[in-house]
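Let's walk through how the helices of this model pack and where empty space is left between them. Have a look at the fold first, and then we can go through it piece by piece.

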Amino acid sequence: MSDIIDETLANHNKTPEAAPEAGAFGRAVNAVGVLFAIGILASAALLMYEVVLRYAFNAPTKWVHETVVFLSAIAFVYGGLYAAAIDKHIRVVIFYDRMSEGLRRLFDVGISVICLVASVFFAWAAWLSVKRAAWTPQGEFRLETSGSAWNPAYPGLLKIFLLVILILLAIQFAIFTVNYLRKKAD
């Protein structure tokens, strides 16, 4: 019993690695993920800072809440790309795990193609949003702002970030598709 517990704890504490089929691109996505994890820690620290300033010194900030929301949002968006790179996206394992290697390979190719197409469509939709958030109707570059007292350009930046991540996600699924097609069926 203690062996099972030790193995479970050892596996729980391991940093997930990119799936072999994700290639060098997936390994890079995995490595950059640490920056977004640090962003979550920074968000927690900023919230503690805000609580101390607000309740101990009666001096709340204008910027902490929006910064925490922005850092959390970009970490969440990056999480989709990260989950794809480490091959931990949603899959119905009750069927998938019972398939032969050859059939599993076909499903991997099909899933990757569908995800690639979906990512491209979502990137196109994100582009339409970025056009409105980054340029005025006259064509002048101006990022959309929050409209708050501090008024940062976080909404515009987040929309641009989402577009970039969706493009990268499409690239990741294209890499998966190619590598699954190259994989020999057993």
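Helix α5 (101-134) passes α6 (154-182) in a left-handed crossing, meaning that the near helix is turned anticlockwise from the far one by less than a right angle, clockwise being right-handed. Helices here are DSSP runs of H or I with at least four residues, numbered from the N terminus. The angle between α5 and α6 is about 160°, and their axes are 8 Å apart; axes are lines fitted to C-alpha atoms over the stretch in contact, and angles run from 0 to 180 degrees between N-to-C directions. The two helices α5 and α6 are therefore roughly antiparallel, a label for angles over 145 degrees. Their contact divides into 22 nonpolar, five polar and three charged residues. In this scheme Ala, Val, Leu, Ile, Met, Phe, Trp, Tyr, Cys and Pro are nonpolar, Asp, Glu, Lys and Arg are charged, and the others, Gly among them, are polar.

A word on the source: this is a predicted model, where local features need pLDDT of at least 70 and side-chain atom pairs count only at pLDDT 80 or more, while totals for chains, interfaces and linings use all residues. Residues are numbered from 1 along each chain as its sequence is written, and side-chain values use heavy atoms, with hydrogens and water left out.

Now turn to α2 (residues 23-56) and α3, which pack at about 155° with axes 9 Å apart. That angle makes α2 roughly antiparallel to α3. The crossing of α2 and α3 is left-handed too. Their contact comprises 18 nonpolar, seven polar and one charged residues.

Which helix links to α6 through F36? F36 sits in helix α2 and F161 in helix α6, 125 residues apart, so to speak of distant parts of the chain is fair. The rings of F36 and F161 have centres 5.7 Å apart and planes at 40°, so the pair is tilted. Rings of Phe, Tyr and Trp (its six-membered ring) pair when their centres lie within 6.5 Å, with planes under 30 degrees apart called stacked, over 60 edge-to-face and the rest tilted. The structure holds nine aromatic pairs.

What about the empty space? On a 1 Å grid over the protein atoms alone, a cavity is a set of points where a 1.4 Å probe fits but cannot get out, whereas a pocket is an open set with protein on both sides within 12 Å along at least five of seven lines; lining residues have an atom within 4 Å of a point. Points are joined across faces, edges and corners, and a volume is the space filled by probe spheres set on them.

The largest pocket has a volume of about 290 Å³. Of its 18 lining residues, G80, L81, L166, L169 and F173 are the closest to its centre. Helices α3 (64-85), α5 and α6 each give two or more residues to this lining, and α3 gives the most, with six. By class, the pocket lining has 14 nonpolar, three polar and one charged residues.

There is one cavity of 30 Å³ or more, with a volume of about 40 Å³. D87, H89, R91, D108, I111, S112, F173, F176 and Y180 line the cavity, and α5 and α6 each give two or more of these residues. The cavity lining divides into four nonpolar, two polar and three charged residues.

Notes. Parallel < 35°, antiparallel > 145°, perpendicular 65-115°, else oblique.
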